[in-house]
Amino acid sequence: MPKKTIDDIDVRGKRVLVRVDVNVPQDEQGAITDDTRIRAALPTIQALLERGAAVILMSHLGRPKGRPDPRYSLAPVAERLSALLGQPVPLAPDCVGPRVATLAHALQPGQALLLENLRFHPEEEANDPAFARSLASLADLYVNDAFGSAHRAHASTVGVAAYLPAVSGLLMRRELAALGGALDNPERPFAAVIGGAKVSSKLAVLRHLLARADLLLIGGGMANTFLRAEGYEVGASLLEADLIDTARALLDEARRAGTQVVLPDDTVVAERVAPDAPHHPAGIAEIPPDWFIVDIGPKTRALYARTLSTCRTVLWNGPMGIFEMAPFAEGTRAVAQAIAALAERGATSVVGGGDSVAAVEELGLADRMSHVSTGGGASLEFMEGRELPGVAALQDR
Ligand code: ADP
Ligand code: MG
């Protein structure tokens, strides 16, 4: 069921409490090293300000363990927001309490205020009703634009919705439309590319996609467990021995469902897991004992690129190899390039998952994808077919 958004209601003259996800990475000096998440929150903030709302922003930053800690202050974010919006966004001294209420109530239409880190209070993650009510008391309306936090049932993502009309922001809407569209109504052929370290962390994703995709391309460390299930030796590679039977069952399930599962034909093996280790391509039947599979091989790169080029929808989660080490990033690069090329032909390409998104950004291909999710854990849970609590709490359209 689609959710109500800020486009469905009149916000003029209202005080609007907006949950954003501006949990940005910082260096040791506190300088923001990547402001993607702040920029992603701008369209909703700008729309609300332009439409005559007073905007009260709230977010968490890092893991401050439920007490105030200047290292996790949102001050640098307030500064960056002010610069990007071209108007002052003052930082409140806290997120609840009488001083914050005074600031919130003094706010005029077209003005914005950022509340201090929600996680300075343990009640945030505990989804404490009294804390949620205090947050809600600051405003007339609640907007959740924090897709990246929507898989958590916290006071600011779920609790407040009990006390205020609750609608979705524009980023949230875009995320749900892109991920939901690929999963529920894909143009076919629809391929899912699943990689990453472990089968165990992607089991639910694999199951959910298996029933929906026409093709499932598997890479990364998790491919080893599937290769083992098919009878191949994988040397010293990452292997989840307790999941070999599960992998075999998944392959059988796919066959029954008519989903074509494509496993690597060849790999790159390294003597050690280190960027300077000796490495070379190896077919899946010739993995040397004591060596490590660190990437998909050149034949597989070509096979996956060719296969993807025929698809109309591709959903990608999980790198094809240990891409953090440059010599083992070729598989991830090849797949990323093949997926990026699709959007130019009008096909849909959606990337989700923290490391996959980092890889796409590092490769400079993010702009060429139809959609790159801002939610790591949230996008994974969405791909598992789970309803995110922060989405469930919003009003249906
Ligand atoms: P995402 O965050 O996109 O969901 P994951 O967290 O599942 O992705 O997986 C990313 C990790 O998988 C990376 O750190 C990468 O180094 C690791 N990985 C990929 N291929 C292999 C491999 N062959 N052996 C060990 N680790 C791998
Ligand atoms: Mg990850």
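Among contacts in the chain between residues at least 6 apart in sequence, what percentage join residues at least 24 apart? In this predicted model, the share is 73%.

**Figure 1. Overall view of the chain in the predicted model.** The chain contains 14 helices and 14 strands. Along its principal axes, the C-alpha trace spans about 70 × 45 × 40 Å. The radius of gyration is 23 Å, which agrees with the value near 21 Å that a compact globule of 397 residues would have. Of the 397 residues, 56% count as buried. The area that the chain exposes is about 16,300 Å², and carbon and sulfur atoms supply 50% of this area.

**Figure 2. Close-up of the shell around ligand 1.** Ligand 1 is surrounded by 18 residues, of which Lys-202, Asn-317, Glu-324, Asp-355 and Ser-356 are the closest. By residue class, the shell comprises six nonpolar, nine polar and three charged residues. Strand 11 (292–296) and helix 12 (354–362) each contribute at least two residues to the shell. Helix 12 provides the largest share, three residues.

**Figure 3. Close-up of polar contacts to oxygen atoms of ligand 1, including one from Glu-324.** A polar side-chain atom of Glu-324 is placed 2.5 Å from an oxygen atom of the ligand. For Asn-317, a polar side-chain atom lies 3.0 Å from an oxygen atom of ligand 1. Ala-197 takes part through its backbone, a polar atom of which is 3.1 Å from an oxygen atom of ligand 1. On its own, ligand 1 has 580 Å² of accessible area, and the protein covers 83% of that area.

**Figure 4. Close-up of Ser-379 in helix 13.** Helix 13 comprises residues 376–383, and Ser-379 is placed within this element. Ser-379 has a relative accessible area of 0% and is therefore buried, the cut-off for this class being under 20%. The side chain of Ser-379 reaches the backbone oxygen of Gly-375 at a distance of 2.5 Å.

**Figure 5. Close-up of the residues in contact with Ser-379.** When its neighbours within four places in sequence are left aside, the contacts of Ser-379 are with Phe-147, Leu-179, Gly-352, Gly-353 and Ser-373. These contacts accompany the burial of Ser-379, whose relative accessible area is 0%.

Definitions and conventions:
Residues are numbered from 1 along each chain as its sequence is written. Chains are lettered from A and ligands numbered from 1 in the order in which they are written. This is a predicted model: local features need pLDDT of at least 70, side-chain atom pairs count only at pLDDT 80 or more; totals for chains, interfaces and linings use all residues. Side-chain values use heavy atoms; hydrogens and water are left out. Helices (H or I, at least four residues) and strands (E, at least two) are DSSP runs, numbered from the N terminus. Buried means under 20% relative accessible area, exposed over 50%, partly exposed in between (1.4 Å probe, protein chains only). A polar contact is a pair of N or O atoms within 3.5 Å; within protein, one must be able to donate a hydrogen and the other to accept it, and residues adjacent in sequence count only if both atoms are side-chain atoms. Contact means heavy atoms within 4.5 Å. A residue is near a molecule or strand if one of its heavy atoms lies within 4 Å of it. Accessible areas come from the Shrake-Rupley method with a 1.4 Å probe; for residues, only the protein chains shown count as cover. Ala, Val, Leu, Ile, Met, Phe, Trp, Tyr, Cys and Pro count as nonpolar, Asp, Glu, Lys and Arg as charged, and the others, Gly among them, as polar. The radius of gyration is taken over C-alpha atoms; the globule rule is 2.2 Å times the number of residues to the power 0.38.
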